[in-house]
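Me: I would like to learn how to read a few features of a protein model. Could we take them one at a time?

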Amino acid sequence: DVLPCPEGPVPAVSITEIRQYLRAQGIPFHDGYSCLHTPSLFTDSWEDQPAPTATSAPYTLFVDKTTGSFLCTATLAEGTWQDFQANVELRHRGVPPASSEELEEDMQRAREDARCIWDRALPLWELLDEDETSKTKAMFGISLVTDTTLKRFGVRYLRTAKSLVFPWFSPRDATLKGLKLVRVERKGDAITYVEETLPRFDSYRNLFGLPLIGRRDTELVLTGWELDALALHQATGVASLALPRGATCLPPALLPYLEQFKRITLWLGEDLRSWEAAKLFARKLSLKRCSLVRPGDLQPRPLDALNQGLNLTKILRAALPASHKSIVSFRQLREEVFGELVNTEQVAGIKWARFPELNKLLKGHRRGELTVFTGPTGSGKTTFISEYALDLCMQGVCTLWGSFEINNVRLAKIMLTQFAAQRLEDQLELYDEWADRFEDLPLYFMTFHGQQNIKTVIDTMQHAVYMYDITHVVVDNLQFMMGHEHLSVDR
């Protein structure tokens, strides 16, 4: 995905401007946690809609306080702040707003493919015999998950691919919008779960379990995995949803669906990366209403907790409030310090798989650190750093590239070759297969080239951090970004 071009970056809009505009247009609104709520421009006329009361239908249009982009949950219309203003102008002229249901061909095809797979998949409790059912459940570690729970969440099994199938239903009319397939791969004793989504990675915006949420639900547990949501709901009865990409990112487009909850507990996984992600997501969701389950031996991910016979309700009750007070005593830090001592390896950062020697020097990729690579022209800085970044990206570190020296096409070609570990120009028939896999990496490129205004670059980076939960930014190279004439000034 390419971020907006420097010629026309997304005009930043402040929350104050949004409020002023809504007041000037006579559009009623109220303040939510991460969005402003207004009546929908895409349903009946907002002039006729009374302010929502406890019993009436709530406002269904949500404007993101950080970016100004909007989503109407009643019609699924969405767009930028500029689109919102354009629709308001059209309303004033009496032109009915356009519906946003014209799907691009790719999305349409993805839905049709999803429908075919869904029709071929069998409900897990209706496999040929009990033996096959219990073997399948054991393979995914869900022997304790009951058929009632599986039925409630609509989980199916695709025999040909040995995969569990998790549906994504439209929150508006319950049509099938997509699927996630999960299969198990064994390497020796290690088990890994391989996921595939339809539509592809970036357009997959499911909150698994959303159709089961009632209008009156005010408490929610957010998990990083569909099977965790099943285990949690079964063990505690609380409303639980799974994020589409686990602890990798929380797309802002999903925030409107989380506005109704007064309390959200984030229980994303058992490692420190999940803990870091939970703290990041809590800032997006508003710290005041978030609590976090700290990973630990007695607080593993929900499915493991269910399998180990732990009390999940008790773990939820012990969740820590996300908003730390400004002054704390050691007593409050005690658990965190213990966690760091127990997980010294993880605290050191995410290790490089391709560069074991580098791990000895830098320990691993840690957020909030700046690393500067220097070397003469042509010594291989860009080649090395593109592989160094790719290594992390393949481990789920969301990466943003600012290549001011070489253009993005050439950079992407280098990275794709490093990713495939072979010369694709000699085997063009393999290109699509590798390109598809490469496209699924959480990798984004800024479209700047040559000297840039530093504020524009920083703004673009901040936008990317909010939109894609970027945790690793590469700038290649500082000299080109600053322009050569500034080198006498210490920037």
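Reply: The turns below go through a sheet, the helices on it, two threonines and the cysteines. The model is predicted.

Me: Let us begin with the sheet. What is the order of the three strands in the open sheet?

Reply: Strands of a sheet pair through backbone hydrogen bonds, either parallel or antiparallel. Here the order is β17-β16-β18, and the pairing is parallel. The edges are formed by β17 (443-445) and β18 (472-476), each of which pairs on one side only. From one strand to the next, the twist averages 20°.

Me: How many bridges join β16 to β17?

Reply: Three bridges link β16, residues 399-403, with β17, and the two run parallel. As for a particular partner, Trp401 is bridged to Phe445 in β17.

Me: Which strands does helix α13 touch?

Reply: Helix α13, made of residues 381-393, packs on the sheet and touches β16, β17 and β18. Its direction makes about 170° with that of β18. A second helix, α14 (residues 408-420), lies across β16 and β17 and runs at about 155° to β17.

Me: Next, single residues. Is Thr149 buried or exposed?

Reply: The relative accessibility of Thr149 is 6%, so this residue counts as buried; the cut-off for buried is under 20%. Thr149 belongs to helix α5, residues 147-153. Residues up to four places away in sequence aside, Thr149 touches Leu230 and Gln234. With Gln234 there is also a polar contact between the two side chains, at 2.9 Å.

Me: And Thr265: which residues is it in contact with, leaving aside neighbours within four places in sequence?

Reply: Thr265 sits in strand β13 (residues 263-267). With neighbours within four places in sequence left aside, its contacts are Leu220, Val221, Leu222, Ser291, Val293, Leu316 and Ala319. Thr265 has a relative accessible area of 5% and is therefore buried.

Me: Last, the cysteines. How many disulfides does the structure hold?

Reply: A disulfide is a covalent bond between the sulfur atoms of two cysteines. The structure holds zero disulfides.

Me: Why does the sulfur of Cys393 make no bond with the closest cysteine sulfur?

Reply: The closest cysteine sulfur is in Cys398, and the bond is absent because 7.5 Å is too far. The cut-off is a pair of sulfur atoms within 2.5 Å. Cys393 counts as buried, at 1% relative accessibility.

Me: What is the relative accessible area of Cys72?

Reply: The value for Cys72 is 0%, so Cys72 is buried.

How values were computed
Residues numbered from 1 in each chain as written. Predicted model: local features only at pLDDT ≥ 70, side-chain atom pairs only at ≥ 80, totals over all residues. Heavy atoms only, no water. Pairing = 2+ DSSP bridges. Helix = DSSP H or I, 4+ residues; strand = E, 2+ residues; numbered from the N terminus. Axes fitted to C-alpha atoms, helices over the stretch in contact; angles between N-to-C directions. Contact = heavy atoms within 4.5 Å. Buried < 20%, exposed > 50% of the residue type's maximum accessible area, 1.4 Å probe, protein only. Polar contact = N/O pair within 3.5 Å; in protein donor to acceptor, adjacent residues only side chain to side chain.
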